[in-house]
Protein chains: 2
Amino acid sequence: MTKTIAIQGIKGSFHHIVSLNYYGSTQHVKECLTFDETVASLFNNTAETAIMALENSIAGSILPNYALIDNNNLHIVGEHYLDVQHQLMALSNQTIADIKEVHSHPMALLQCKSFFKDYPHIKLVEDKDTADVARKIETQQIKGVAAIASTLAAEIFNLDILAESIQTIKHNQTRFAIVNTQPINNHKNEINKASLKFELDHKRGSLATILNVMSDCKLNLTKIQSLPKIETPWKYSFFVDVTFEAYEDFEKAASIMTIMATHFKILGTYKNAKL
Amino acid sequence: MTKTIAIQGIKGSFHHIVSLNYYGSTQHVKECLTFDETVASLFNNTAETAIMALENSIAGSILPNYALIDNNNLHIVGEHYLDVQHQLMALSNQTIADIKEVHSHPMALLQCKSFFKDYPHIKLVEDKDTADVARKIETQQIKGVAAIASTLAAEIFNLDILAESIQTIKHNQTRFAIVNTQPINNHKNEINKASLKFELDHKRGSLATILNVMSDCKLNLTKIQSLPKIETPWKYSFFVDVTFEAYEDFEKAASIMTIMATHFKILGTYKNAKL
């Protein structure tokens, strides 16, 4: 059955690449220009599933996307890791000296900032989507403006790559979540990872106690991030990812954590995509 | 004795406000346009101390600044919390309808993105510093361009505020670190907070074990953030902040953690600025 997958960005964006890698090329893709729109697609039934970047190895967690998943009670049903390589591209027959402005997504500009230190004549301008800039450059035949986007975008929009892999940190792995409004009834033996959220009072040892439960139940921690609750001093939220071998171990830990932590919530259970 | 304090940004920037709040107005300020330059000032002796944003309640940790502190073996000698309020400002006698572009620091643009949904005619352009845009608008008398900056910047550069507190999340607390190349010999009874970094193997329960030590030594965890080590699969780094009542408790915990964790490092010990 063909699904419609909401992606942030247009075809050629990194979210599109994740969609192709995860679901193959036979699915419909719904292009959304914001993460809010991506999530809205799930609720107005214009898409069955959505793809959202969760974190990358440079900037860390994309907390606004965690908030979108949490506040809308979405379910993470899968994950995918992509090695994001940023290419500088423009209409053909131009050199970097011809480029006056580079337009891209704020995150892409941030990740490539160092590259432009050698080109002080180039102005960096924020735009909504990496691939959409590539598209505009082609359709409007804009000279003097370059895009930072994927190799796929250069192919789709017939642009020349002026410089390859211009991001400062060459291994630039981004983790994406596949999210639905409902959990998928996967076979329990296919599930070996979970994303959790809980709150703790600022009481000495409260996190250690929870981690002891996780450890006793044979869960491995692969990510932890504390977030102070701004409106409630001395209350902390935690986003935690765990992997496990037996789903029963996870169920046991979850039942104990529900009692021990405040607002314990399973954001999703899915198959670990990291080898 | 007058100190020179390196800040990211020019006078009127949020780092300048932190410098005024923390050290008062009698100190010299060295304006730096990047965090790299801020750090370099400490090593070429053009400044004795530097101020760097570490995290905010919206985007979370500013990991590149943690990396700068860690890689340069700087010492966090103090912290300061600032409630960052972004004002939209321009030359007088203009309305928002006259504004065609808003230039600011990427983080400020990100934090105010929602405000501009109602003004699709306004283009958001990245610049190096919030206050520097305000300065340029005044010195070059640029019409049609607005800055997002502090109230102090509007005062210094005689700009009119077109819209107040335009950031999406109204409580926008940012935590700043005061950093030196050497630790300050504070009285131990004035120190009640520490920033730590350590690595752990991906072995079940390894973090729980460390947190148990911290808890047993009466340390309170106020922040934890895991970072996968990209080059070394299954190795994790952790940035952790702890508060304590007695410095001896911290010393005891540190001596145990040095043995238990890999690359245990104290990024700084200082006075907790959070009430």
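This is a short talk on the domains of chain A and on how helices pack within and between chains A and B.

First, the conventions. The model is predicted, so local features need pLDDT of at least 70 and side-chain atom pairs count only at pLDDT 80 or more, while totals for chains, interfaces and linings use all residues. Residues are numbered from 1 along each chain as its sequence is written, chains are lettered from A and ligands numbered from 1 in the order in which they are written, and side-chain values use heavy atoms, leaving out hydrogens and water.

Chain A has three parts: domain 1 (4-83 + 173-180), domain 2 (87-163) and domain 3 (188-270); the bounds come from an automatic or database domain assignment. Between the C-alpha centres of domain 2 and domain 3 of chain A there are 41 Å.

Now the two copies. Chain B superposes on chain A by a rotation of 180 degrees with 0.1 Å of shift along the axis, at RMSD 0.0 Å; the fit is by least squares on C-alpha atoms of residues with pLDDT of at least 70 in both. The copies are thus related as by a two-fold rotation axis. They meet through the same surface, because 100% of the interface residues of chain B are also interface residues in chain A.

Next, the helices, which are DSSP runs of H or I, at least four residues, numbered from the N terminus. Axes are lines fitted to C-alpha atoms over the stretch in contact, and angles run from 0 to 180 degrees between N-to-C directions.

Between the chains, α7 (residues 206-216) of chain A packs on α7 (residues 206-216) of chain B at about 150 degrees, with axes 8 Å apart. That makes α7(A) roughly antiparallel to α7(B), the term for angles over 145 degrees. A:Leu207, A:Ala208, A:Leu211 and A:Asn212 meet B:Leu207, B:Ala208, B:Leu211 and B:Asn212, in contact meaning heavy atoms within 4.5 Å. By class, this contact has six nonpolar, two polar and no charged residues; nonpolar covers Ala, Val, Leu, Ile, Met, Phe, Trp, Tyr, Cys and Pro, charged covers Asp, Glu, Lys and Arg, and the others, Gly among them, are polar.

Within chain A, which residues of α7(A) meet α8(A)? They are A:Thr209, A:Ile210, A:Val213 and A:Met214, facing A:Ala253, A:Ile256, A:Met257 and A:Met260. Here the classes are seven nonpolar, one polar and no charged. α7(A) and α8(A) (residues 247-260) pack at about 165 degrees, with axes 9 Å apart.

In chain B, the axes of α7(B) and α8(B) come within 9 Å and cross at roughly 165 degrees.

Key: Helices (H or I, at least four residues) and strands (E, at least two) are DSSP runs, numbered from the N terminus. Angles under 35 degrees count as roughly parallel, over 145 as roughly antiparallel, 65 to 115 as roughly perpendicular and the rest as oblique.
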